[in-house]
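Trainee: I'd like to go through the salt bridges here, one pair at a time. Can you pull up the model?

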Amino acid sequence: MQDDNLPIWLPRLAVHGGPRFLQIADALQAAMAEGSLKPGDRLPPQRLLAALLGVDLTTVTRAYDEARRRHLLEGRGARGTYVAAPKAELTSILDLSMNTPPSPDGVDFDDLLKQGLSQVLMRSDAELLMTYHLGGGSDSDRKAGARWLEPMFGYLDAGQVVVCPGAQAAIAALILALTRPDDVILAEPTSYPGLRTAATQFGRHIIAVEADGHGMVPEMLEQACRQHKPALVYLNPTLQNPTAITIPERRRQELVSIAKRCNVRIVEDDPYWLLADAPPPPVATFAPEQAYYISTLSKCLTPGLRVAFVLIRDPHERERFLVALRSFALMAAPLTAALATQWILDGSAAALMEGVRKEARLRHWMARDILAGRYSGAGDGLHVWLELPGYWNSSQLARAADSEGIAVTPAEAFANGSGSVNAIRISLGSVKDRERLKAGLRRLSHLLARRPESFGAAVV
């Protein structure tokens, strides 16, 4: 029998309420949540509590051990067992280094995912979703890709669209298919690091072409083409990663004219076009037979959808691309591709993307206000390129920010060559909570106003 003289925080143990040691631990946790037990309160000795509850000592010992595992109790030697103070949660790193789309308000992502997968499983053979497929995507996936690319190109023949497991795989396959070892690839002085990673792995060389506030400089491209005889020109022309520059339409046409004259092909990596406010037509619209266009879902919807669509109009070059892709990535995961197709065709992708676009713009407004005088973003997209005051260099600033619990990406990470701009990239989407992002941007603003000397050896 239980004694009626029980501590107020313990309930009577239920016969059919599950293991008694868990009932005790659960009751203790509930009492702490309600405030009837407070940090520093001393608990009864185990033997006394066992006697009061009418249970054996082992049951109470297991209950206290379970409570310690939950960080509810702490032992103080001979003085007994006490309710633990809440653990001071160390401030987790505020990651402003990874370019991911923000979670938009008003979109229940869990529900969207459940509904999408439910529709996929209703309409597809589960066994087919779990087996090997030919690379390049199913007919349905390619049709979805053509639909996804309609805002950029209008109606497309779905047969010209190839489905890939992400933009990085597409870039690597294009390099393998269109270049040879020791070939040169031209790119801007700062560009997506994945290009350099793939080129280096395959023994190709990246050579930087001067850029200005409107992107790659046409005259410098022509000079580089004649000097280096490149196999490819790589462009990320809309909200460029990392500078956030969008190449104007006239400049795009000039670059295409030079590429045609010099007979060099263009890889157009365009992950942010759908997030931009009234972007110019893709470069590939001016050079349909010479440019290869990549659009990924990872930057507009969610990184978990490792799906990218590549527009390759020439059938022979599509086959070369697929052969190259199969050498390291046999196919896009069928289940992921099927989910992407379902969302595109039923309108969920468009709704989610619109939510991402709105949220990204709210975050840019926030950054503009907090980083007043330093903000140089375009007002859309996922990141800000922040040029630094002369008393900081980008590596110093990144280390100092890290010491403050903030991760940013220094310009060196994007540099094609020895020189780089003195800047950092700030990604606005990876922090889920907007208020945490605001606090992080304020800390970063205060940091920028201080000089490196105030950090001593931490930034040396």
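Trainee: Which side chain meets Arg357 in a salt bridge?

Mentor: Keep in mind that this is a predicted model. Look within helix H14 (residues 348–370), at a spot 3 residues away from Arg357, which is about one helical turn. The N to O distance there is 2.1 Å, and the partner is Glu354.

Trainee: Is Arg357 buried or exposed?

Mentor: The cut-off for buried is under 20% relative accessible area. Arg357 has 15%, whereas its partner Glu354, at 32%, is partly exposed. So by that cut-off, Arg357 is buried.

Trainee: How many residues apart in sequence are the parts that Asp212 and Arg251 tie together?

Mentor: Asp212 and Arg251 form a salt bridge, with their closest N and O atoms 3.1 Å apart. Asp212 sits in strand S7 (residues 211–212) and Arg251 in helix H11 (residues 249–261), so the pair links parts whose separation in sequence is 39 residues.

Trainee: And which helix holds both Glu435 and Lys438?

Mentor: These two form a salt bridge as well, the closest N and O atoms being 3.7 Å apart. They are 3 residues apart, about one turn, and the helix is H16 (residues 434–449).

Trainee: Which residues do salt bridges with shared partners join into one network?

Mentor: Here we leave the single pairs behind. Shared partners link the bridges into one network, and its members are Asp26, Glu66, Arg69 and Arg70.

Trainee: Last one: how many salt bridges does the structure hold?

Mentor: We've talked through some of them, including Asp212 with Arg251 and Glu435 with Lys438. For the whole structure, the count is 16.

Conventions:
Residues numbered from 1 in each chain as written. Predicted model: local features only at pLDDT ≥ 70, side-chain atom pairs only at ≥ 80, totals over all residues. Heavy atoms only, no water. Salt bridge = Lys/Arg side-chain N within 4 Å of Asp/Glu carboxyl O. Helix = DSSP H or I, 4+ residues; strand = E, 2+ residues; numbered from the N terminus. Buried < 20%, exposed > 50% of the residue type's maximum accessible area, 1.4 Å probe, protein only.
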